[in-house]
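Me: I'd like a close look at one part of this model, the place where protein and DNA come together. Here is the structure I have in mind.

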Protein chains: 2
Amino acid sequence: MDDRRKSQLNKILVLFYFAYRTFTDKPDQILAKHHLQRVHHRILFFVGHFPGLTVNQLLAMLEVSKQALHKPLKQLVELGFIHNTPAERDRRSRLLTLTDTGEALEKELSDAQRVFLDQIFTEAGIGTEEAWVQIMAALSQKRPAVGFLKDLQ
Amino acid sequence: MDDRRKSQLNKILVLFYFAYRTFTDKPDQILAKHHLQRVHHRILFFVGHFPGLTVNQLLAMLEVSKQALHKPLKQLVELGFIHNTPAERDRRSRLLTLTDTGEALEKELSDAQRVFLDQIFTEAGIGTEEAWVQIMAALSQKRPAVGFLKDLQ
DNA sequence: TGTGTTAAGTCAATAACATTGACATAAAGC
DNA sequence: GCTTTATGTCAATGTTATTGACTTAACACA
């Protein structure tokens, strides 16, 4: 790798860092008003996006320990944002779904990101979004948890 | 925004999340071997990328408090990874630079990311990298700290 | 039916980390 | 000299993550 390429890649590393910060900024601000943290948004997002997710699947997706998930998940259930119902086929596992207010909160949080990204993709040229998705999908494929996303979606 | 577009943007939110995890994965593993955390990598990366950065500039860039930066930065200085020398023009401010071993550690950490991203961009088609950079630059422009990057670079 | 396994929930101890407020020192600006 | 700025530090507090252990309920299956 020559110096010119390395310099370009360094620029890319900086961009990735700052872009992700922007990405998480607005939801973080909204969460703060509700006295919640980013982990709550992640839970709401994945439960909203993959309704009927089990606790174990959520753990695998977030790549956190059961103990680390326990508190924020319990809070969301107690606050009435998430339903936790036993699965019919295997009553040991619990299916997670959003309540109506959970849906509303998730929408409030993720809409900020969706609108923001939509605007940036619209302002960029044709094909830019596809290219961006291609790169990010390649990076995401390295995640073990991504394997079973297709089973749920 | 119609349902189809919303669904596509949801997919994009998932990709962003998982892609960023992949991005931070390898350095995190290397850091763990050195008993360091992600914040140490950020410090090393920005000091390496913008040598002569002052403490205040680093604070603005990382968007953390002075107290939060204090401990990890002090550790890096004590471990001999970072030099901290008074600026000539204003001897109150301290210029941060990497030592030789600091350079080596930064290289070890960031090389993992550079090689990884280089590979993915190479495998993608022509113009894909440019498109990706365009989007991430648009997102990064929203950061207040990015404004003075040009002054340093 | 009994045994082992799995999913989930919880508790407790400890360590790590962030946050806030306060204060000190040295240098600069004027 | 007085004020401001840049940095460094401490302490108290609160929060979060980590590890290990344990319990309950449900399932699988010989």
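Which atom of DNA strand C is 2.9 Å from an N or O atom in the side chain of A:Asn84? And could you walk me through the rest of the surface around that strand?

Reply: Sure, bearing in mind that this is a predicted model. The partner of the A:Asn84 side chain is a phosphate oxygen of DNA strand C, with 2.9 Å between that oxygen and a side-chain N or O atom. Helix 3 (55–62) and helix 4 (66–78) of chain A are the elements that give two or more residues to the surface near the strand. Helix 4 of chain A supplies the largest share, four residues.

Chain B joins in too. B:Arg91 uses its backbone: an N or O atom there lies 3.0 Å from a phosphate oxygen of DNA strand C. B:Gln67 goes for a base instead, with a polar side-chain atom 3.0 Å from a base oxygen of the strand.

Stepping back, there are 16 residues around DNA strand C, and those that come nearest are A:Asn56, A:Lys66, A:Asn84, A:Arg92 and B:Gln37. Of the strand's atoms that come within 4 Å of the protein, 59% belong to sugar and phosphate. Sorted by class, the surface near the strand has eight polar residues, seven charged ones and one nonpolar.

As for how the two chains are related, a turn of 180° with a shift of 0.0 Å along the axis lays chain B on chain A, at an RMSD of 0.0 Å. So you're looking at the relation of a two-fold axis. B:Trp132 has the C-alpha nearest that axis in chain B, at 2.4 Å. Both copies use the same surface, as 100% of chain B's contact residues recur in chain A.

Conventions
Residues are numbered from 1 along each chain as its sequence is written. Chains are lettered from A and ligands numbered from 1 in the order in which they are written. This is a predicted model: local features need pLDDT of at least 70, side-chain atom pairs count only at pLDDT 80 or more; totals for chains, interfaces and linings use all residues. Side-chain values use heavy atoms; hydrogens and water are left out. A residue is near a molecule or strand if one of its heavy atoms lies within 4 Å of it. A polar contact is a pair of N or O atoms within 3.5 Å; within protein, one must be able to donate a hydrogen and the other to accept it, and residues adjacent in sequence count only if both atoms are side-chain atoms. Ala, Val, Leu, Ile, Met, Phe, Trp, Tyr, Cys and Pro count as nonpolar, Asp, Glu, Lys and Arg as charged, and the others, Gly among them, as polar. Copies are superposed by least squares on the C-alpha atoms of residues with pLDDT of at least 70 in both. Contact means heavy atoms within 4.5 Å.
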